[in-house]
Amino acid sequence: MESTDSLVDRISDLPDLLLTDILSLVTTKETVNTCILSKRWTKLWACVPVLDFRSNQFEQNNLWLGDQDHTKFLQFVKGVFDHREAIPLERFGLSFEEVKSSDIPHFIEILDRAAKCGPRVTSIDVSTVEYIQPPRSIFSCASIEEMSLSFDAPDTFVAPEIVNLPSLKKLELTCLSVYDNFISAILSGCPSLEELVMNCCILDIYEISSVTLKKLVLNMCVQLEEVHISCPAAVSLIIKYPREAGIRLNNVSPLARVDICFEDKLFDEYAISIYVNLLRDLPNIASLRLHTTCLALQVLLVAHVPKFQAFENLRILELQRFDMTSDFDLLRFLQQAPNLKKPSGEATDEELLGYHPILPEYIETIVMQSEEKTPSYRDFECTHVDHMENNN
């Protein structure tokens with residue numbers, strides 16, 4: 001027979017504030033389902049400061065959202081807004097798949113009602129073939145500090161003409177078409193913006209210019225024209241696999257850490273020029289990470305380094321995905337960076353141009369990540385290295 005202690009409902013004895021914090025960790029549908037547990041839980045879901053709506057939880061066949069599924073989802077969302085307590089939202093999330101033209105008025109109404117609840121964090125993920133312009137209310141919500149917008153097709157998002165988000169600090173855009181008027185509206189209407197992330201976006205813009213941005217991430221974006229970046233306050237700049245027209249860095253702080261991910265194969269001269277221009281624009285940078293393969297980096301450094309300006313301030317060089325088993329020539333690059341650690345003794349050209357164990361003697365901090373071989377301490381003679389890390 002079970003003991004009396006094993007039958008005690010200890011969870012229901014917890015204070016409401018702690019229970020609502022726990023319920024904030026699951027989706028709203030799962031939160032509402034707790035109302036059947038006992039009288040204590042009947043109204044508890046209505047006090048949760050998080051709304052996380054996901055249409056895929058209403059799919060009956062687990063493949064797509066049918067008309068009845070759409071109706072049930074929208075009725076559920078409306079019912080939650082109608083019956084929840086009038087408390088500010090910590091976080092609002094909406095993932096709506098296969099939005100149809102008939103769903104758009106409901107979609108706009110949902111965002112309007114969410115904006116009135118004053119969320120601090122907002123995440124909107126939409127799958128549709130329709131043109132959708134989110135309501136002005138979501139782009140003029142004074143409480144929002146973090147926002148994420150994701151559309152599965154770039155041209156389906158219709159950007160607002162005016163953005164007024166005075167508290168916004170972080171903005172993440174995924175799979176959107178970004179034009180000059182939209183990026184200008186963002187940067188002028190978000191005076192507190194510190195972090196801007198764009199994933200798989202189509203960038204039809206001339207420049208990204210901001211005196212407040214501290215972190216800028218461009219991840220696998222397509223540039224329809226050359227994009228000029230001027231972010232003098234940035235401490236982190238990450239550029240991954242730029243496409244088409246490329247990116248130029250007009251004004252970047254020497255204190256910024258710059259991460260550049262290269263294509264694995266660089267045999268096209270135009271593609272090579274994109275990365276050459278990026279490196280040319282970084283003569284004053286102090287910390288640079290190159291994430292690439294040995295062959296791609298060799299094409300750039302050996303063939304094009306003589307065209308670069310000297311990296312006068314470069315003190316930290318990090319190489320990721322570096323093939324430690326290959327012979328590789330970094331001498332020309334190292335010669336462009338006079339403040340990188342040099343060996344105490346003289347070395348011959350053959351030693352400088354030869355096998356990789358000589359490389360750690362030239363740089364003050366080197367982080368290498370190998371895909372083919374995990375280096376051992378026996379591989380290196382590190383008498384002149386101040387610090388070394390191996391990230392595997």
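Colleague: Among contacts in the protein chain between residues at least 6 apart in sequence, what percentage joins residues at least 24 apart?
Modeller: In this predicted model, the share is 58%. A pair enters that count if it has heavy atoms within 4.5 Å and its residues are at least 6 apart in sequence.

Colleague: What makes a residue of the protein chain count as buried, and what percentage does so?
Modeller: The cut-off is under 20% relative accessible area. Of the 392 residues, 48% count as buried, so 48% fall under that cut-off. The accessible surface of the protein chain comes to about 19,300 Å², and 51% of it belongs to carbon and sulfur atoms.

Colleague: How confident is the predictor in the protein chain?
Modeller: The mean pLDDT is 78, and 71% of the residues reach 70 or more. Over residues 342-392 the pLDDT is below 50, although this stretch has 96 contacts in the model beyond near neighbours in sequence. pLDDT runs from 0 to 100, so a value below 50 lies in the lower half of that scale.

Colleague: Why are β12 and β15 called paired strands?
Modeller: Pairing needs at least two bridges. Five bridges join β12 (residues 227-231) to β15, so the two strands meet the condition. They run parallel, and one of the bridges has Cys231 with Val252 of β15 as its partner.

Colleague: What makes β9 and β15 edge strands?
Modeller: Each of them pairs on one side only. They belong to an open sheet of three strands with the order β9-β12-β15 and parallel pairing. Neighbouring strands there are turned by 10° against each other on average, direction ignored.

Colleague: How do you know that β6 and β8 pair?
Modeller: Three bridges join β6 to β8 (residues 202-204), and at least two are needed, so the strands pair. Tyr179 stands opposite Asp204 in β8. The sheet around them is open, has four strands in the order β6-β8-β11-β14, and shows parallel pairing. Its edge strands are β6 (177-179) and β14 (243-244).

Colleague: Which helix lies across β6 and β8, and at what angle to β6 does it run?
Modeller: Helix α5 (residues 180-189) does, running at about 75° to β6.

Colleague: Which residues does the annotation "domain: F-box" cover?
Modeller: According to the unreviewed UniProt entry, it covers residues 11-45. In the model, that span is 40% helix and 0% strand, and its end C-alpha atoms lie 15 Å apart. The protein chain comes to nine helices and 20 strands.

Technical notes:
Residues numbered from 1 in each chain as written. Predicted model: local features only at pLDDT ≥ 70, side-chain atom pairs only at ≥ 80, totals over all residues. Heavy atoms only, no water. Axes fitted to C-alpha atoms, helices over the stretch in contact; angles between N-to-C directions. UniProt positions renumbered as here; feature names shortened; annotations may be inferred. Buried < 20%, exposed > 50% of the residue type's maximum accessible area, 1.4 Å probe, protein only. Areas by Shrake-Rupley, 256 points an atom, 1.4 Å probe, with all protein chains shown as cover.
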